[in-house]
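Open the model in your viewer and keep the selection box at hand. The stops below are meant to be taken in order.

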Amino acid sequence: MKKTLFILLLSVICMGTALSQGYTIKGSVGKTHLKRVFLQLYSARDSVVKYQTRIEPDGTFVFKGSLPEPRLAEIRLASTSRGFFFYLENNVITLKVDPNDIDNTRINGSFSNSQYRCIVEECAENQDSINACLEGYILQNPESIFAPHILATQPTFALLTPKQLTRYVSRFSGAATRTYYYRYLQTKIHQLNRVSVGQKMPDFVLPDTSSHDIGCYENIGNNKYLVINIWSSKDLTENDKNTLCSLHRKYKSKGVEFFSVSFDVHRETWIRTILDSKFSWPHASDLLGWESVIANTLCIPYIPCNIIIDSQGTIVARDIPIGQLADELQKLFSKKKH
């Protein structure tokens with residue numbers, strides 16, 4: 001990573017010249033009916049500082065402030081929408097936001113953000129292994145503010161056990177321990193220990209399709225197992241839908257119930273998908289997408305995925321892709337025979 005290290009050093013020099021002037025975010029969103037834009041800053045103390053400003057008739061907006069160090073930030077066009085994450089620092093930063101797809105946001109002027117993107121993109125181009133490259137960066141740069149970020153957000157590390165995560169996090173020092181993602185990882189390790197296989201599933205209550213509160217444990221009843229299916233309308237394929245319906249029909253009489261929790265944000269889309277897919281088991285959602293309390297409470301790494309609990313509420317399997325759910329259920333009933 002010689003090229004990356006050179007860029008890191010160059011950026012530090014450039015950042016030093018900008019520290020005294022504070023930051024100015026000059027943004028544009030083009031034509032939109034929205035009137036406000038939201039900026040959130042994340043700190044290592046689990047606090048989130050929130051700002052908002054108006055979107056001018058020409059689609060532009062401005063934020064101004066000052067930071068003691070580069071800080072992870074998020075731009076949102078609505079308070080409940082998915083946002084665009086980037087590193088904010090004391091400099092003039094331009095954001096060109098696509099109101100139809102915030103992932104297409106273009107950013108200029110943040111050296112820290114360029115550093116982070118450079119590291120990730122260089123590893124993505126690695127001919128040997130992107131996993132080994134990212135792990136190498138984390139292990140070789142334990143003081144980097146980007147090391148905890150990479151560990152927390154890259155899919156490579158999504159399914160690490162609490163013990164494996166602890167092995168990485170315990171190496172971090174200096175600036176890395178003063179970041180939002182360092183604190184996030186510590187919290188995640190604690191939460192994962194509470195919802196790992198063999199632990200009791202924490203009960204949760206969400207609105208069902210009739211807007212009545214329904215609890216997880218209400219769906220166990222007299223069943224041997226409960227499959228908690230985590231999904232969203234846009235992430236579920238036709239094959240996934242057919243597989244879920246087929247497995248529900250096959251195992252319903254054997255003492256298995258399904259309970260689906262959606263990360264949708266639009267009620268109409270959620271309800272229509274349930275009806276069109278002919279899902280005949282209980283469904284619930286707070287319609288907050290990945291902001292759902294379930295995402296953090298259960299440490300959901302991706303969707304769609306499944307968690308299986310037994311009649312006592314003990315987690316017997318988790319993070320199961322729909323394509324592997326049939327094998328997992330068959331395995332559970334094979335164990336019962338022995």
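The tour goes through strands, a sheet, aromatic rings, helices and a few backbone features.

This is a predicted model, in which local features need pLDDT of at least 70, side-chain atom pairs count only at pLDDT 80 or more, and totals for chains, interfaces and linings use all residues. Residues are numbered from 1 along each chain as its sequence is written, and side-chain values use heavy atoms, with hydrogens and water left out.

**Stop 1: strand β2**

Select residues 36–42, which make up strand β2. Helices (H or I, at least four residues) and strands (E, at least two) are DSSP runs, numbered from the N terminus. Six of the seven residues of β2 are buried, so the strand is largely enclosed by the rest of the structure. Buried here means under 20% relative accessible area, exposed means over 50%, and partly exposed lies in between (1.4 Å probe, protein chains only).

Now add residues 48–54, strand β3, which pairs with β2 in the antiparallel sense over seven bridges. Two strands count as paired if DSSP finds at least two bridges between them. To find the register, pick Val 37: its bridge partner in β3 is Thr 53. Then add residues 71–76, strand β5, which runs antiparallel to β2 and is joined to it by four bridges. Here Leu 39 stands opposite Ile 75.

**Stop 2: the ring cluster**

Stay on β2 and show Tyr 42, which is buried at a relative accessible area of 8%. Which residues do ring pairs link with Tyr 42 into a cluster? They are Phe 85, Tyr 180, Tyr 181 and Tyr 184. Rings of Phe, Tyr and Trp (its six-membered ring) pair if their centres lie within 6.5 Å; planes under 30 degrees apart count as stacked, over 60 as edge-to-face and the rest as tilted. By this rule the count comes to 19 aromatic pairs. One of them, Tyr 42 with Tyr 180, is tilted, at 4.9 Å centre to centre and 55° between the planes. This pair links distant parts of the chain, 138 residues apart, with Tyr 42 in β2 and Tyr 180 in helix α6 (residues 180–194). Tyr 180 also counts as buried, at 18% relative accessibility.

**Stop 3: helices α5 and α6**

Keep α6 selected and add residues 162–169, helix α5. Two packed helices are described by the angle between their axes and the distance between the axes. For α5 and α6, the axes come within 9 Å and cross at roughly 155°. Axes are lines fitted to C-alpha atoms, for helices over the stretch in contact, and angles run from 0 to 180 degrees between N-to-C directions.

To see the contact, show Pro 162, Leu 165, Thr 166 and Val 169 of α5; they meet residues of α6 including Leu 185, Ile 189 and Leu 192. Contact means heavy atoms within 4.5 Å.

**Stop 4: helix α4**

Next select residues 146–153, helix α4, where seven of the eight residues are buried, so the helix is largely enclosed by the rest of the structure. The buried residues are Phe 146, Ala 147, Pro 148, His 149, Ile 150, Leu 151 and Ala 152.

**Stop 5: a four-stranded sheet**

Show the open sheet whose four strands come in the order β4-β1-β7-β8, with mixed pairing. Its edge strands, β4 (60–65) and β8 (106–108), each pair on one side only. Strand β1 (residues 23–28) runs antiparallel to β4, and six bridges join the two. Tyr 23 has Gly 65 as its bridge partner in β4.

**Stop 6: strand β14**

Move to residues 305–310, strand β14, where six of six residues are buried. Cys 305, Ile 307 and Ile 309 point one way, and Asn 306, Ile 308 and Asp 310 the other way. Strand β11 (residues 225–231) is antiparallel to β14, with six bridges between them, and Ile 228 is matched with Ile 307. Strand β15 (residues 315–320) also pairs with β14 in the antiparallel sense, over three bridges.

**Stop 7: backbone exceptions**

Most residues other than glycine have a negative phi, and most peptide bonds are trans. Select Ile 303 and Pro 304: a cis peptide bond joins them, with omega about -5°. Then go to Ser 211, where phi is near 70°; this residue is partly exposed, with a relative accessible area of 49%. Finish at Lys 278, with phi near 60°, which counts as exposed at 66% relative accessibility.
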